[in-house]
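Open the model in your viewer, colour the chain by secondary structure, and keep a selection panel at hand. The stops below go from the whole chain to a single helix and then to the residues packed around that helix.

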Amino acid sequence: EPPAGVTMDFAGGRLSFTGEASHAWLTGAREALAAERLPGVLYLDLDAVTDLDLDRAVDLAGGLSEGLELDFALGDARLSSVATEELLTERWSALAAHCDSKGIPLAVELTFEESATGDPLLTWQRRDHLVRLLSDAAPGAPAPDVLGELLLDRPGGDRALLTLHLGSPTP
């Protein structure tokens, strides 16, 4: 039975839903309808149902869901701006708590772009700093997946690219 705000229509073997619902209802509907064949239903269409919890997660993520470039201070493991670190941890903490409370899968990737002439020890320190920063901000959240580093001749310093994946368990 759809919740208030979701309408159901059946035509030509297609069971369609439209409206807005929680992530839990959408997940449950997909699982229940996949496990149980309904007479005459050839196709289940939930594409027109807005996942309110996932929309809220995207709002909480701000620019994080599109990918965020994090610049490092020259010769330092910390980011070039304290304000950037504070904003990152604030958003990550709120986002991880929301996703956990709503059962929304969340994954984060870190890709490092380092100068080919850079210090390998500094690369590890930066990686460790960002992983610890995110882990301390949201202790129950999944650990970031570090994809490795790209060795480049980057004018202007080294950076990391942080990418979030909302709603899918693995990137």
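Begin with the cartoon of this predicted model, in which the secondary structure comes to 4 helices and 7 strands. Followed from the N terminus, these elements run β-β-α-β-α-β-α-β-α-β-β. If you switch on a surface for the chain, about 9600 Å² is exposed, with carbon and sulfur atoms supplying 53% of that area. Of the 171 residues, 37% count as buried, and among contacts with a separation of 6 or more, residues 24 or more positions apart account for 73%.

Next, select residues 82-102, which form helix 3. The helix has 21 residues and reaches 30 Å from its first C-alpha to its last, close to the 30 Å expected at 1.5 Å a residue. At the N-terminal end, show the side chain of serine 81, which caps the helix: one of its side-chain oxygens lies 3.2 Å from the backbone nitrogen of alanine 83. Then move to the other side of the selection, where glycine 103, just after helix 3, takes a positive phi of about 70°.

Which residues of helix 3 are buried? Show Glu85, Leu88, Thr89, Trp92, Leu95, Ala96, His98 and Cys99 as sticks, for these are the buried residues of the helix.

Stay with glutamate 85 for a moment, and ask why this residue counts as buried. Its relative accessibility is 11%, and because buried means under 20%, glutamate 85 falls into that class. Leaving aside neighbours within four places in sequence, select Arg78, Leu79, His129 and Leu133 to display the residues in contact with glutamate 85.

Now centre on leucine 88, which, not counting residues up to four places away in sequence, touches Leu64, Leu68, Leu70, Leu79, Leu130, Leu133, Leu134 and Leu162. From there, widen the view to the largest nonpolar core, which has 27 residues and in which Leu88, Trp92, Leu95, Leu106, Leu130, Leu162 and Leu164 have the most contacts. Helix 2 (52-61), helix 3, strand 5 (106-115), helix 4 (120-137) and strand 7 (159-166) each supply at least two residues of this core, and helix 3 gives the most, with 5 residues.

For the last stop, select Val6, Trp25, Ala29 and Val41, which are included in a second, separate core of 10 residues.

Terms used
Residues numbered from 1 in each chain as written. Predicted model: local features only at pLDDT ≥ 70, side-chain atom pairs only at ≥ 80, totals over all residues. Heavy atoms only, no water. Buried < 20%, exposed > 50% of the residue type's maximum accessible area, 1.4 Å probe, protein only. Contact = heavy atoms within 4.5 Å. Expected span 1.5 Å × (residues − 1). Polar contact = N/O pair within 3.5 Å; in protein donor to acceptor, adjacent residues only side chain to side chain. Core = buried A, V, L, I, M, F, W, Y, C linked by side-chain atoms within 4.5 Å. Areas by Shrake-Rupley, 256 points an atom, 1.4 Å probe, with all protein chains shown as cover.
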